[in-house]
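Here is a friendly walk through two places where the parts of this assembly touch. Have a look at the picture, then read on.

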Number of protein chains: 4
Amino acid sequence: MEEKMSRRERKKIQSKQTILQAAVHVFSTKGFQETSIADIMNQADLGIGTFYNYFESKEDVLKCLLKSVVEEICQAFEKFVEDKCAPADILEKTVMLSARLLSENRFVLPLFLSAANLSGMPEGSAELPAEPSAFKLLFNRIIASGQDSGAFREDIPTEVVTELFHSMFQAASFSSLPMGFEENIRLKLQLVLDGLRAR
Amino acid sequence: MEEKMSRRERKKIQSKQTILQAAVHVFSTKGFQETSIADIMNQADLGIGTFYNYFESKEDVLKCLLKSVVEEICQAFEKFVEDKCAPADILEKTVMLSARLLSENRFVLPLFLSAANLSGMPEGSAELPAEPSAFKLLFNRIIASGQDSGAFREDIPTEVVTELFHSMFQAASFSSLPMGFEENIRLKLQLVLDGLRAR
Amino acid sequence: MEEKMSRRERKKIQSKQTILQAAVHVFSTKGFQETSIADIMNQADLGIGTFYNYFESKEDVLKCLLKSVVEEICQAFEKFVEDKCAPADILEKTVMLSARLLSENRFVLPLFLSAANLSGMPEGSAELPAEPSAFKLLFNRIIASGQDSGAFREDIPTEVVTELFHSMFQAASFSSLPMGFEENIRLKLQLVLDGLRAR
Amino acid sequence: MEEKMSRRERKKIQSKQTILQAAVHVFSTKGFQETSIADIMNQADLGIGTFYNYFESKEDVLKCLLKSVVEEICQAFEKFVEDKCAPADILEKTVMLSARLLSENRFVLPLFLSAANLSGMPEGSAELPAEPSAFKLLFNRIIASGQDSGAFREDIPTEVVTELFHSMFQAASFSSLPMGFEENIRLKLQLVLDGLRAR
DNA sequence: CATGAATGAGCTTTCATTCAT
DNA sequence: GATGAATGAAAGCTCATTCAT
């Protein structure tokens, strides 16, 4: 049974959570690149060596953070599909849910993408794309189904639209505009959705 | 006369060019963050110390690269305005010119933005924004004039649209889609432009 | 109980001592300015990075070395005062104790002073004077009390005499005369003390 | 004839003087250690390479600066001897002349000594002692003659007294006391001279 | 499982020196 | 003789990673 864990197991999970929270805090404060593992563990009030009991690298932490976000979004999406929402509705709802979830950890997605992107993809293509691709696959599905049903125009390849949505999240994360993350996304969503609708 | 330079002066200018080209090459290959100054000068086949005769830092190189691109785009824009092109036309032409110019140095703009963004903005906001803001100002002008003339919808704030265009360039730079940089931009431009037009 | 320390803690303290001793040795051999941190850690047979677990810079090592010397001298001085020694006696004893303590680390005081002095005082005046001023204050006290009691002449300002004693230590440190550090100080002390006595 | 020099020769000397003056200025401002050769030549408004036409190193500049000072003092001393001044008089006059000459270039002597001293004498003993020893020899002569004539006490070795005078100059150079260089020297001279006189 | 001292590769930066012009 | 671009050795310092405790 899942709820049965030894004290040790619970403590182990506890430590991992502590580190994740500390990482979120320090990443938000100092930025990802500028954060050292010592910074994280210092914030977590744990020994440096302990980090390596739970993670392999800083990127690994990021992967872990993103994973939970992606999972929640996927679950919601499945629900929307079951409810037979219209494609445009599903897209809008999923985008805005993503916005809500990411607004608190707004550095997660972009940093994750950036970690892969900006590094010129040294070996990133092998290591990181685990979760981002889940994200992309999800959006591909939504948009493709909208195109199939005739709700969305088809002259723009599905993946291009997906990429555009991605970049919206990324840009919103670092926006300095005088509005919140979600509002930023909402406005761009309107624009793109209007452009995307079949005439 | 300008063409009158001593051999020495010519050589100096050539060295700077050599370094810039080497930097472009290495940044494209290894990524900006992962590139060391030694990497650049090794590629340039020059001594490490020589770097500091021309630049103060890696960021300085980026600034230099972007500067020339921005200047060229600005000049073209002024020309479009003189020719009294329609706002949508100006936007399209400017975007596509930017795409063409950046396609060769596709890492320049996004890395430049990212350098400021991803670093958690330690002091980046003070140092780097010189040129990106020129970029933003240009697009703000184009879009605002389109909104004033009634060509573009006004319910989306100008700066939000600008930000969206920015993110398009950024995303296209690192796209792994099976199409060129310019084609990538062209498709998204269509989408956004359709969404942007007043009904 | 103080003697209760984990093995680890003891080892840590021992490492610091090892580094200090290595520094003393290399400073004496190569001089302070010419000594690199790599030199010290090489002599200590420890990794370079280890240095920064214990000290912030070369100057920090110096500060640490001087600190213990100054503290010991101060304690002795307090004792002399309690014993109601005559000012000339206190001066002589303190000078000779300083000589004895410094004779082993004879480079400590002068280098410390020099580090501040010779660097053209870039920011040295803010960082280093912590301990030297303790030294100066101590001598000022001794000499002033001698002047107050009528034992020492008063036509020479206290601080000037202090400065003279300082320079004696400095000079003796680098003397190439065929006599020991302490003998060097003893002779000059006689000379200056005779000049200092009120007629 | 000396006054007959080719234009070239005059220009050559001019450049050397320019460099020396620039060096004096920059040394005084930034300190010796912190001054780079580029700093000097920048101040001199001459090309960096030109430095090596006249000097071999920064230390060479120092040597050159001290040389002229020492020569002038030696000449004055010879004059005092011819005038059959008393030893104490000669000592006082020579010290005060040295003080006057050095007060303008107060960094010259101490830096020169320090350059040799603080470096732990790596190879300094071979390169630098050229001029300082002239200085020491001069003072040795003065004091020894005073001791021979019975004017000065003989229980302090000549060289020890010389060393004490040296350290006076050094200390005065970096004194932060609220008095001028010469006044500083004058006060200490009184003290030491009184201690030095035979009883 | 937790620890943190030890490590050294690797980075940026400085600067004396050379040499072709 | 004057120049200053090119150079690379050498410095200080950071930090991910290991491992004995």
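## Where chain C meets chain D

In this predicted model, C:Glu163 and D:Lys188 form a salt bridge through their side chains, 2.6 Å from N to O (that is, a side-chain nitrogen of Lys or Arg within 4 Å of a carboxyl oxygen of Asp or Glu). Chains C and D share 4 salt bridges in total. On the chain C side, H9(C) gives the largest share, 10 residues (helices are DSSP runs of H or I, at least four residues, numbered from the N terminus). The area buried between the two chains is about 3,300 Å², with 67% coming from carbon and sulfur atoms; buried area is the accessible area (1.4 Å probe) that two parts lose on being put together, summed over both.

## Around DNA strand F

Of the 28 residues around DNA strand F, those that come nearest include B:Ser15 and D:Thr50; "around" here takes a heavy atom within 4 Å of the strand. H3(B) supplies the largest share of this surface, 4 residues. Here are some N or O atom distances to the strand:

| Residue | Part of residue | Part of strand F | Distance |
|---|---|---|---|
| B:Arg8 | side chain | base nitrogen | 2.9 Å |
| B:Gly47 | backbone | phosphate oxygen | 2.8 Å |
| B:Gly49 | backbone | base nitrogen | 3.2 Å |

A few notes on reading this: residues are numbered from 1 along each chain as its sequence is written, chains are lettered from A and ligands numbered from 1 in the order written. Local features need pLDDT of at least 70, side-chain atom pairs count only at pLDDT 80 or more, and totals for chains, interfaces and linings use all residues, while side-chain values use heavy atoms, leaving out hydrogens and water.

Methods. Helix = DSSP H or I, 4+ residues; strand = E, 2+ residues; numbered from the N terminus. Polar contact = N/O pair within 3.5 Å; in protein donor to acceptor, adjacent residues only side chain to side chain.
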